[in-house]
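Me: I would like to learn how to read a protein model step by step. Could we take one feature at a time, with the general idea before the case?

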Amino acid sequence: MQTATSLDSGQGVRLVDIGPERDGQRVDNALMTLLKGVPRSLVYRLLRTGQVRINGKRAKPETRLADGDILRIPPVRVAEREEGVAPSGMVKAVADAVIFEDKHFLVIDKPVGIAAHGGSGVSHGAIELLRAARPNEHLELVHRLDRDTSGVLVLARSRPGLTGLQALIRENQVTKQYLCLMTGTPRKAKFDVNAPLLKSVLHGGERIVRVDDAGKPSLTFFQELEQYPGARLMQATLGTGRTHQIRVHAQYIGHPLAGDPKYGDEEANKRLRAKGLKRMFLHASRMSFDLGGRNYDFSVPLPDDLKVFLDNLRG
C-alpha cells in the first residue's frame with residue numbers, strides 16, 4: 001500500500017546538526033539515509049538545484065560533511081511504502097545479544113535465523129532491529145553474516161569506526177575465526193585450502209559460489225579441535241573474506257559443512273538431522289583488529305543448540 005508521507009512532518013525546511021558519526025561522509029550518501037524512500041534521482045535534483053545547503057552554502061553531491069555542520073534539507077513529499085513494525089520479540093533478541101559497545105562500535109552475538117539486513121524477502125535484519133531498539137543512535141553495518149550463521153557481528157556507531165574497519169577488512173588486516181563441523185574425516189588435523197572462488201547468480205536469482213581459476217584468490221586455514229563419529233569440529237580462520245568461502249572450500253576438499261543446504265552432502269545432513277542438527281553448523285566465534293591505537297577482540301562461544309547437538313553426536 002502506498003501512502004504520501006511528508007518527510008518534514010509539516011515542519012518545512014529541516015536543519016540537521018551533523019555529529020561525529022557523519023564526519024567525512026559525502027552529502028549525497030547522507031541524504032540517502034536521511035531521506036528514506038526518496039528516489040536517488042530526486043536527491044540529486046535537490047542538490048543540483050541548490051536546495052540542499054551546508055552552513056548556508058550550496059552543496060554539491062561530492063561535498064563532504066564535517067562534525068558541527070548545519071545541513072539544510074528542503075521539504076520533500078514522496079510516496080513511501082509502509083513498512084511493518086519490527087516484531088518486539090525479534091527486537092528484544094538482538095537488543096539482548098549486545099556483547100560490547102563504545103563510541104565507535106556496537107557488537108552483537110547474532111542469533112541464527114536473523115539476517116544481517118533486510119531485503120530479498122527479509123523484512124527486518126539485525127541492523128533494522130537494532131535501529132528499532134535504539135532509535136536515537138546512528139548505526140551502520142560494517143560487514144555481514146549469512147542468516148543461518150550465528151556469532152560476532154560488528155556495527156559502527158561512528159563514521160571513523162565504519163570507514164576505518166571497512167578499510168582493514170579490505171586489506172585483510174582483520175582476524176576472523178569460525179567454528180564449523182566438517183562431515184567425514186579429513187586426512188590432516190591442520191591444513192589450508194587455497195582455491196580461487198567465482199561468484200555467480202543462477203536464473204532463479206540464487207547466488208552460488210564455486211572454485212574456478214577465473215575467480216578471486218581465496219585462502220582458508222583449518223585446524224581440528226574435536227573428533228566426533230563421522231565428523232570433525234574445526235576452527236576456520238579466513239585468509240581472505242569471500243562470499244561463502246568456508247562452505248565452498250569445505251565442499252571442495254570433500255568434507256562439506258554439516259547441515260549446509262546449498263553446498264552440503266544430502267545423506268550426511270539427513271543422518272545429522274536425526275541426531276538433532278536443525279541448521280548449518282557454522283558460527284562466527286571471533287573477530288579481532290587494531291584501530292586507532294586500540295586492540296579490539298570479540299569472541300562468543302558456541303550457542304546452546306550446537307552444544308546440545310554435539311553432545312548427542314558424541315553419545
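Reply: What follows is a conversation about the predicted model shown above, going from the whole chain to single pairs of residues.

Me: Where should I begin, and how many helices and strands does the protein chain have?

Reply: A careful reader begins with the whole before the parts. The secondary structure of the protein chain comes to eight helices and 18 strands, and its C-alpha atoms fill a box of roughly 70 × 45 × 40 Å along the principal axes. Of the 315 residues, 45% count as buried, while the chain exposes about 16,400 Å², of which carbon and sulfur atoms supply 48%. Among the contacts with a separation of 6 or more, 64% are between residues 24 or more positions apart.

Me: How do I read a sheet, and in what order do the four strands of the open sheet stand?

Reply: Strands of a sheet pair through backbone hydrogen bonds, and the pairing is either parallel or antiparallel. Here four strands form an open sheet in the order β2-β5-β3-β4, with antiparallel pairing. The edge strands are β2 (14-17) and β4 (57-58), each of which pairs on one side only. Helix α1 (residues 27-34) packs on this sheet, where it touches β2, β3 and β5, and its direction makes about 60° with that of β5.

Me: Which residue stands opposite Ile-54 in β5?

Reply: To answer this, one follows the bridges between two neighbouring strands. Strand β3 (residues 53-54) and β5 run antiparallel and are joined by two bridges, and the residue of β5 that stands opposite Ile-54 is Leu-71.

Me: Is Ile-70 buried, exposed or partly exposed?

Reply: The term depends on relative accessible area, with buried meaning under 20% and exposed over 50%. Ile-70, which is found in strand β5 (residues 70-73), counts as partly exposed because its relative accessibility is 32%. Together with Val-13 and Leu-15, Ile-70 forms a nonpolar patch on the surface, and the three have about 250 Å² of accessible area together.

Me: How many of the residues of strand β8 are buried?

Reply: One can apply the same idea along a whole strand, residue by residue. In β8 (residues 105-110), five of the six residues are buried, so the strand is largely enclosed by the rest of the structure. Its pairings can be read next: strand β7 (residues 98-101) pairs with β8 in the antiparallel sense over three bridges, and a hairpin joins β7 to β8 through three residues. Within that pairing, Val-98 has Ile-108 of β8 as its bridge partner. Strand β10 (residues 150-156) also runs antiparallel to β8, with six bridges joining them, and here Val-107 has Val-154 of β10 as its bridge partner.

Me: How should I read a salt bridge, and how many salt bridges are counted?

Reply: The idea is to look for a side-chain nitrogen of Lys or Arg within 4 Å of a carboxyl oxygen of Asp or Glu, and by this rule the count comes to 16 salt bridges. In one of them, the side chains of Arg-247 and Asp-146 meet at 3.2 Å, N to O. Arg-247 lies in helix α6 and Asp-146 in the loop between β9 (140-141) and β10, so the pair ties together parts that are 101 residues apart in sequence. Arg-247 is buried, because its relative accessible area is 7%, whereas Asp-146, at 27%, is partly exposed.

Me: Which residue does Arg-279 meet in a salt bridge?

Reply: Here, too, one names the partners and then asks where they lie. Arg-279 meets Asp-305, with 3.2 Å from N to O, and the pair links distant parts of the chain, since Arg-279 is in the loop between α7 and β17 (282-291), Asp-305 is in helix α8 (residues 304-314), and they are 26 residues apart. Arg-279 is buried, with a relative accessible area of 10%, while Asp-305, at 35%, is partly exposed.

Me: Which residues are linked in a network of salt bridges?

Reply: Salt bridges can also be read as a group. Glu-101, Arg-134, Glu-137 and Arg-157 are linked in such a network.

Me: With which residues is Gly-259 in contact, leaving aside its neighbours within four places in sequence?

Reply: Those residues are Asn-269, Leu-277, Arg-279 and Met-280, and Gly-259 itself is found in the loop between α6 (245-252) and α7 (266-273).

Note on methods:
Residues are numbered from 1 along each chain as its sequence is written. This is a predicted model: local features need pLDDT of at least 70, side-chain atom pairs count only at pLDDT 80 or more; totals for chains, interfaces and linings use all residues. Side-chain values use heavy atoms; hydrogens and water are left out. Patches are made of residues with over 30% relative accessible area and no salt bridge: like charges are joined within 9 Å, nonpolar side chains (Val, Leu, Ile, Met, Phe, Trp, Tyr) within 5 Å. Accessible areas come from the Shrake-Rupley method with a 1.4 Å probe; for residues, only the protein chains shown count as cover. Buried means under 20% relative accessible area, exposed over 50%, partly exposed in between (1.4 Å probe, protein chains only). Two strands pair if DSSP finds at least two bridges between them. Contact means heavy atoms within 4.5 Å. Axes are lines fitted to C-alpha atoms, for helices over the stretch in contact, and angles run from 0 to 180 degrees between N-to-C directions.
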